[in-house]
Amino acid sequence: MTIPESVPLLLTVEDYARRAKELLPSGMWGTLYGDDGAPDFRAETGNVEAFRAIRFRPRVLVDVQHRNLATEALGAPISLPVMIAPSGHQQRVHRDGETATARAAAASGTIMVLSTASSFSIEEVALAASGTLWFQLYWMRDRRVTQWLVRRAEDSGYKAIVLTVDMPGIRSRERDVRHEWNLADESKLGRTLEPDRLLRNFSGLEQAIPGAEAPTQAAFNEAWDDSVTWKDLDWLRSFTTLPIVLKGVQTAEDAELAVQYGAEGLIVSNHGGFALDDATPTIEVLPEVAEVVNGRLEVFLDGGVRTGSDVLKALALGARAVLLGRAPHWALAVNGEQGLRDLLEILRIELNVAMAFAGTADVNRVNAAIIRRG
Ligand SMILES: Cc1cc2nc3c(=O)[nH]c(=O)nc-3n(C[C@H](O)[C@H](O)[C@H](O)COP(=O)(O)O)c2cc1C
């Protein structure tokens, strides 16, 4: 069979990135997915390069005939250790937005984390698919609103609250300005985002909570409470029985506090490079976090995962599973739900192959001996 030149081959996650870059408005690309001016899709923190810099120490003559990629995250089975990170407004890349992501995640046997800033609501996404969902929470200054979001997630069957802790209510606008990109400006919404789907989770807020004010897209970050500290986790606990996962932990000290304050999980993350400039690449932070946690809660990682061997490296250095932020957007932009299913399949195959070559047959038993140190 010959493949017509006009059909781009989509064999890797970076193939999806390249194709998505052709399809999406350049301002959107530059603001959300690419490096300023760099052609190779690297996050500013160097998350991707840090993965590349790690080399394997493969073992040979190991029985790898039967390989197991399945594991659990907070007790829920996942068919591969790759989950979907929370990311806002997925309708800007495909009309079906988060409902497509939820269906693809369920079909692929993995977990999707829905963002507070989604373009389909907590309830709409729960109805779209029967897979396991977690809800990512931005802690709002008006605590009644925070509580309202969490209650709705719990009522809709979400299985965990992922509290993002690396984003205080402030944000650099440099990228938006440089790329003339601003979601608050409706003319910049892109092909597929319907204006009434901006911050969909907040529609109906004024009726639900008298006196509460729905945040605007332009000032969304300012509605987040940046006075929250570890002690406030007790308040969250007081009205939800869902496990709490802290997203954005980047030091051993904070990992220890996460254990002390009873979090069930944490995600080593630097928000894909959107938060602190020159944060440490997440894969470099992972070992110190995993070491101090020592199995007392579940450790996940996101940031820069682009290949199956990246997944294997993260497992070897102490993660139970990884999450993807940008990649699901690329897959949705290219081919909607099917695109994301295909992308997850690519990672499944790549991980499977990497495990065989590295001489490790079970994702639950991967250890740091397969990584070359120093
Ligand atoms: C377009 C976009 C929107 C995002 N929105 C959110 C969000 O609403 N909440 C959140 O906690 N993280 C958000 N993130 C960060 C991701 O959850 C994740 O930490 C990061 O993208 C992982 O890095 P990767 O893109 O290299 O996979 C977003 C990331 C992207 C690319």
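**Notebook: surface patch, cores, salt bridges and helix α4**

I began with Phe-357, which counts as exposed because its relative accessibility is 66%; exposed means over 50% relative accessible area, buried under 20%, and partly exposed in between (1.4 Å probe, protein chains only). The model is a predicted one, in which local features need pLDDT of at least 70 and side-chain atom pairs count only at pLDDT 80 or more, while totals for chains, interfaces and linings use all residues. I number residues from 1 along each chain as its sequence is written, and side-chain values use heavy atoms, with hydrogens and water left out.

**Entry 1. The surface patch**

I located Phe-357 in helix α13, which covers residues 326-358. Helices (H or I, at least four residues) and strands (E, at least two) are DSSP runs numbered from the N terminus. Together with Ile-349 and Val-353, Phe-357 makes up a nonpolar surface patch that has about 320 Å² of accessible area. Patch members have over 30% relative accessible area and no salt bridge; like charges are joined within 9 Å, and nonpolar side chains (Val, Leu, Ile, Met, Phe, Trp, Tyr) within 5 Å. Accessible areas follow the Shrake-Rupley method with a 1.4 Å probe, and for residues only the protein chains shown count as cover.

**Entry 2. The whole chain**

I counted 13 helices and 10 strands in the protein chain. The radius of gyration is 20 Å, which agrees with the value near 21 Å for a compact globule of 374 residues; it is taken over C-alpha atoms, and the globule rule is 2.2 Å times the number of residues to the power 0.38. Along the principal axes, the C-alpha atoms fill a box of roughly 65 × 55 × 40 Å. Of the 374 residues, 54% count as buried. The accessible surface is about 16,100 Å², and carbon and sulfur atoms hold 50% of it. Among contacts (heavy atoms within 4.5 Å) with a separation of 6 or more, 72% join residues 24 or more positions apart.

**Entry 3. The nonpolar cores**

Which residues touch the most other members of the largest nonpolar core? I found Leu-266 and Leu-301, in a core of 100 residues. Helix α13 supplies the largest share of this core, 14 residues. A core is a set of buried Ala, Val, Leu, Ile, Met, Phe, Trp, Tyr and Cys residues joined through side-chain atoms within 4.5 Å.

Not counting residues up to four places away in sequence, the residues that Leu-301 touches include Phe-51, Thr-282, Leu-286, Ala-314 and Leu-323. Apart from the largest core lies another, of 15 residues, including Ala-85, Ile-267, Phe-300 and Leu-323.

I then followed Leu-323, which lies in strand β10 (residues 321-324). Leu-323 has a relative accessible area of 1% and is therefore buried. Leaving aside neighbours within four places in sequence, its contacts include Met-83, Ala-85, Val-113, Phe-300 and Asp-302. The C-alpha atoms of Leu-323 and Gly-304 are 9.5 Å apart, with their positions 19 residues apart along the chain.

**Entry 4. Salt bridges**

How many salt bridges does the structure hold? I found 19, each being a side-chain nitrogen of Lys or Arg within 4 Å of a carboxyl oxygen of Asp or Glu.

Arg-141 and Asp-226 form one of them at 3.7 Å, N to O. This pair links distant parts of the chain, 85 residues apart: Arg-141 sits in the loop between β5 (133-137) and α6 (143-155), and Asp-226 in the loop between α8 (205-208) and α9 (233-239). Arg-141 is partly exposed at 44%, and Asp-226 is partly exposed at 43%.

In the pair of Glu-264 and Arg-237, the closest N and O atoms are 2.9 Å apart. Glu-264 lies in the loop between α10 (252-260) and β8 (265-268) and Arg-237 in helix α9, so the pair ties together parts that are 27 residues apart in sequence.

Arg-348 and Glu-345 pair at 3.2 Å between the closest N and O atoms. They are separated by about one helical turn because they stand 3 residues apart in helix α13. Arg-348 counts as buried at 19% relative accessibility, whereas Glu-345 is partly exposed at 34%. Elsewhere, salt bridges with shared partners join Glu-124, Glu-194, Asp-196, Arg-197 and Arg-200 into one network.

**Entry 5. Helix α4**

Why is helix α4 (residues 97-107) described as largely enclosed by the rest of the structure? I noted that 8 of its 11 residues are buried, so the description holds. Among the buried residues are Gly-97, Glu-98, Thr-99 and Ala-105. Their cover includes β3 (82-84), β4 (112-114), α5 (122-128), β5 and α13. Just after α4, Gly-109 takes a positive phi of about 75°.
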